[in-house]
Amino acid sequence: MADMRIQNLTSLVGGELINSPKISMVSGFSFDTNLKNNSTYIALNSTNEEISLAIQNGAYAVIYDRDLAIKNDEIALIKVSNIPSAVLRLIRFFITQKSIKLVKANKVQISILKCLNLKNARLIADDLREIFYQIYDALDGELFFCDTNFLQKLDAYFDEIKTTQKIDIFDNSSIFYTTMISSQNYYQNLSFPYLYASELGEILAYLNSANIEFKFKDLREFEHFKPIFVDRFFNIKPFGASHRAFIVESDEELFIKEASFLHAKFDDILVCAPKNLAHVKADIYFSNLDELKSLNDFKYALVLCEFREFELVLSRASQELSLFD
């Protein structure tokens, strides 16, 4: 980063310069007290001791939002009303300066993108510090896919995932596989739920139209509508190796959509939700996940819960059963 004048930095973060520092320029930013000389220390959730350490280690400026017991006329002390807001202002500045392209993606699209290796585009991080470093270190014109929450906080211009290209989706024998034609490319028997095939097709078409190179990772890592195949003793089996499965969904809105999809296709479906979510329509309400190990006569049981939590419950059941074999 080119050097930035203290006056410009103060204005950029909407802060107040509370002293008359001897330095006039800074170069670089850090949230870490072990920082490069000449840098600006961003005191996000920092104590006075951490700020003092950053100054000792060579910080030329400190951006902070709480009462500061430190007096120093060598470096710039810039007080802001809210550190996260100040960081967002900096992020917005670097996005504009570098002509970075932001593309809005919903939760399903974000989950799909996590299953792809993108060569010349990236997913925005979840943590504010990581986001800052991503943007600060980004190349000019780089593209980032962002969720709606981040874009609302940032209040910046963004593009959307859309395509005018025709996407043909073919019926598969299994709801856990997808076959389609997107951007004239044929994708056969992808291990990806048919219910979300249109979202996958739109992503692939957009990536092709934007000249973004990609490769599939494991599509079974898709975070929604995740099946856990089990035998009649509720032992976990390999993907597709059993005639019945629990389908796990942690998002309430998508759970409702998935329940409707399953009921429309099958008769032997069970929809299971926690008792404390009685407003969600379900066939079975459970107090704890262990209760679901007593279910009988179902092909698929859709369960509203966290995948890892339920997988652990079923794994424990398998381990306990093996002790008595």
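Five strands, in the order E2-E7-E6-E5-E4, form an open sheet with mixed pairing. Strand E2 (16–17) and strand E4 (29–30) stand at its edges. Each has a single partner strand, so one side of each is left without a neighbour in the sheet. The model is predicted.

How do E2 and strand E7 pair, parallel or antiparallel? E2 and E7 (residues 76–79) pair in the antiparallel sense, over two bridges. Glu16 shows one such link: its bridge partner in E7 is Lys79. Strands of a sheet pair through backbone hydrogen bonds, either parallel or antiparallel.

**The whole chain**

Now step back to the chain. It has nine helices and 21 strands. The radius of gyration is 26 Å, well over the 20 Å that the globule rule gives for 325 residues, so the chain is more spread out than a compact globule. Along its principal axes, the C-alpha trace spans about 75 × 50 × 35 Å.

How much of the chain is buried? Buried residues make up 50% of the 325 residues. The accessible surface comes to about 16900 Å². Carbon and sulfur atoms account for 46% of that surface. Contacts tell about the path of the chain. Take those between residues at least 6 apart in sequence: 56% of them join residues at least 24 apart.

**A second sheet**

Another open sheet of five strands has the order E17-E18-E21-E19-E20. Its pairing is mixed. The edge strands are E17 (226–230) and E20 (284–286), and each pairs on one side only. From one strand to the next, the twist averages 25°.

Strand E19 (residues 269–274) deserves a closer look. Which strands does E19 pair with? One is E20, joined in the parallel sense over three bridges. Another is strand E21 (residues 300–304), which runs parallel to E19 and is joined to it by four bridges.

Individual residues show how these strands line up. Towards E21, Leu270 stands opposite Ala301. Towards E20, Cys272 has Ile284 as its bridge partner. Pro274 stands opposite Phe286, also in E20.

Is E19 mostly covered or uncovered? E19 is mostly covered, with six of its six residues buried. Ile269, Val271 and Ala273 point one way from the strand. Leu270, Cys272 and Pro274 point the other way. Both groups are buried.

**Cysteines without partners**

How many disulfides does the structure hold? The count is zero. A disulfide needs two cysteine sulfur atoms within 2.5 Å. For Cys146, the closest cysteine sulfur is in Cys115, 18 Å away, so the gap is too far for a bond. Cys272 of E19 is in no disulfide either; the nearest cysteine sulfur, that of Cys305, lies 9.3 Å away.

Where do these two cysteines sit, buried or exposed? Cys146 is buried, with a relative accessible area of 0%. Cys272 also counts as buried, because its relative accessibility is 0%.

**Two residues with positive phi**

Most residues other than glycine have a negative phi. Two residues here go the other way. Asn45 has a positive phi of about 60°, although it is not a glycine. Ser183 is also a residue other than glycine, and its phi is positive, near 55°.

Where is Asn45 found? Asn45 is in the loop between strand E5 (40–42) and helix H2 (48–56). E5 also belongs to the sheet that opened this report. Ser183 lies in the loop between strand E14 (178–182) and strand E15 (185–190).

Their surroundings can be told apart by accessible area. Asn45 is exposed, at 63% relative accessible area. The cut-off for exposed is over 50%, so 63% qualifies. Ser183 is buried, at 14%. Buried means under 20%, so 14% fits.

The table gathers the relative accessible areas.

| Residue | Relative accessible area | Class |
|---|---|---|
| Asn45 | 63% | exposed |
| Cys146 | 0% | buried |
| Ser183 | 14% | buried |
| Cys272 | 0% | buried |

Note on methods
Residues are numbered from 1 along each chain as its sequence is written. This is a predicted model: local features need pLDDT of at least 70, side-chain atom pairs count only at pLDDT 80 or more; totals for chains, interfaces and linings use all residues. Side-chain values use heavy atoms; hydrogens and water are left out. Two strands pair if DSSP finds at least two bridges between them. Axes are lines fitted to C-alpha atoms, for helices over the stretch in contact, and angles run from 0 to 180 degrees between N-to-C directions. The radius of gyration is taken over C-alpha atoms; the globule rule is 2.2 Å times the number of residues to the power 0.38. Buried means under 20% relative accessible area, exposed over 50%, partly exposed in between (1.4 Å probe, protein chains only). Contact means heavy atoms within 4.5 Å. Accessible areas come from the Shrake-Rupley method with a 1.4 Å probe; for residues, only the protein chains shown count as cover.
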